[in-house]
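Me: I'm new to this one, so could you take a close look at a single part for me? I'd like to hear about the surroundings of the ligand, and how they fit in with the rest.

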Amino acid sequence: MQKQAEYSEAIRTKYPEQVVIAIAKDKAGRANPVTLGWTMIVSGNPPMMSIAVAKKHYSIETITHSKCFTISFPSAQMADAALFFGSKSGRNIDKFAEFDCKTEPAQAIDSVLLADAVANFECTLESQIPAGDHIIFVGKIVASHINTEPKKRLYTIGPGHKLGPTS
Ligand SMILES: Cc1cc2nc3c(=O)[nH]c(=O)nc-3n(C[C@H](O)[C@H](O)[C@H](O)COP(=O)(O)O)c2cc1C
C-alpha cells in the first residue's frame, strides 16, 4: 500500500546512489573534476552515458568548451577527493592543484583519468538537453579503462553527502 508524501520525503529513499567524478578541461587547459550523483547509462550500442550538471556550475563551461569529458567511477577510498571536488568550484580554484589526486592522461580525448578510480570512461559530447535547473550531457564512450587492482566503488549511502562503500 502507498501513501502520498512530499517529493522531498519520498526521494530520500533513493540511497545508495552511485557517485561519479566528471572531468573536463577549461579554456586555459586546466582539468576540472566535479562530483556527480545524477548519472546513467543511456545507450548500449554505441555505449553512451549521461550526467546532469547544475546550470550554475563551472563544469557547464568546461564541458561545453572542450566537448569531451571523462566519467570516472571513484573507489571507496576516494571519499575525501569526491567531497572536495563536490564542494569547491573550479571557477575559483584549481581543484587538482589543491587536492592531491593522482591522474593519468586520457588516450582518446583531451582530458585526464583518475589513477585510483575503479574505472574511467572517455566521452565525446554527443548532445545536451536542458532539464529544469540542470543540463543533461550525453557522452559517447570512445575509450574505457579499469583499475589493475580490485577496488570497491564509492556511493552516497545517506543524506548529507554521507559517502562510503555499500558493503
Ligand atoms: C556526493 C555529491 C554528489 C553531487 N551530485 C551532483 C549532481 O548530480 N549534479 C550537480 O550538478 N552537482 C552535484 N554535486 C555538487 C557539485 O559537485 C558541486 O557543486 C561542485 O562544487 C561544482 O563544481 P564546479 O563549479 O567546478 O563545476 C554533488 C556533490 C556531491 C558531494
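Reply: The shell around the ligand is made up of 9 nonpolar, 12 polar and 2 charged residues. Keep in mind that this is a predicted model. Of those 23 residues, the ones that come nearest to the ligand are Trp38, Ser59, Gly86, Ser89 and Gly90. Three elements each give two or more residues to the shell: strand S3 (31-36), strand S5 (47-54) and helix H2 (58-66). S3 provides the largest share, with 4 residues.

Now for where those elements sit. S3 and S5 both belong to an open sheet of 7 strands, ordered S3-S2-S6-S9-S10-S5-S4, with antiparallel pairing. S3 is an edge strand here, as is strand S4 (39-44), and each of them pairs on one side only. Going from neighbour to neighbour, the strands of this sheet are turned by 35° on average, ignoring direction. For a closer look at one pairing, take strand S6 (residues 68-73) and strand S9 (residues 119-131): 6 bridges hold this antiparallel pair, and one of the matches is Thr70 with Glu122 in S9.

What about H2, the helix in the shell? H2 lies across S3 and S5, and also across strand S2 (20-25), S6, S9 and strand S10 (134-146). Against S2, H2 runs at about 55°.

There's another open sheet too, with 3 antiparallel strands in the order S1-S11-S12. Strand S1 (17-18) and strand S12 (162-164) are at its edges with a single partner strand each, so one side of each has no neighbour in the sheet.

Conventions: Residues numbered from 1 in each chain as written. Predicted model: local features only at pLDDT ≥ 70, side-chain atom pairs only at ≥ 80, totals over all residues. Pairing = 2+ DSSP bridges. Near = placed C-beta within 6 Å. Nonpolar A, V, L, I, M, F, W, Y, C, P; charged D, E, K, R; others polar. Axes fitted to C-alpha atoms, helices over the stretch in contact; angles between N-to-C directions. Contact = placed C-beta atoms within 7 Å.
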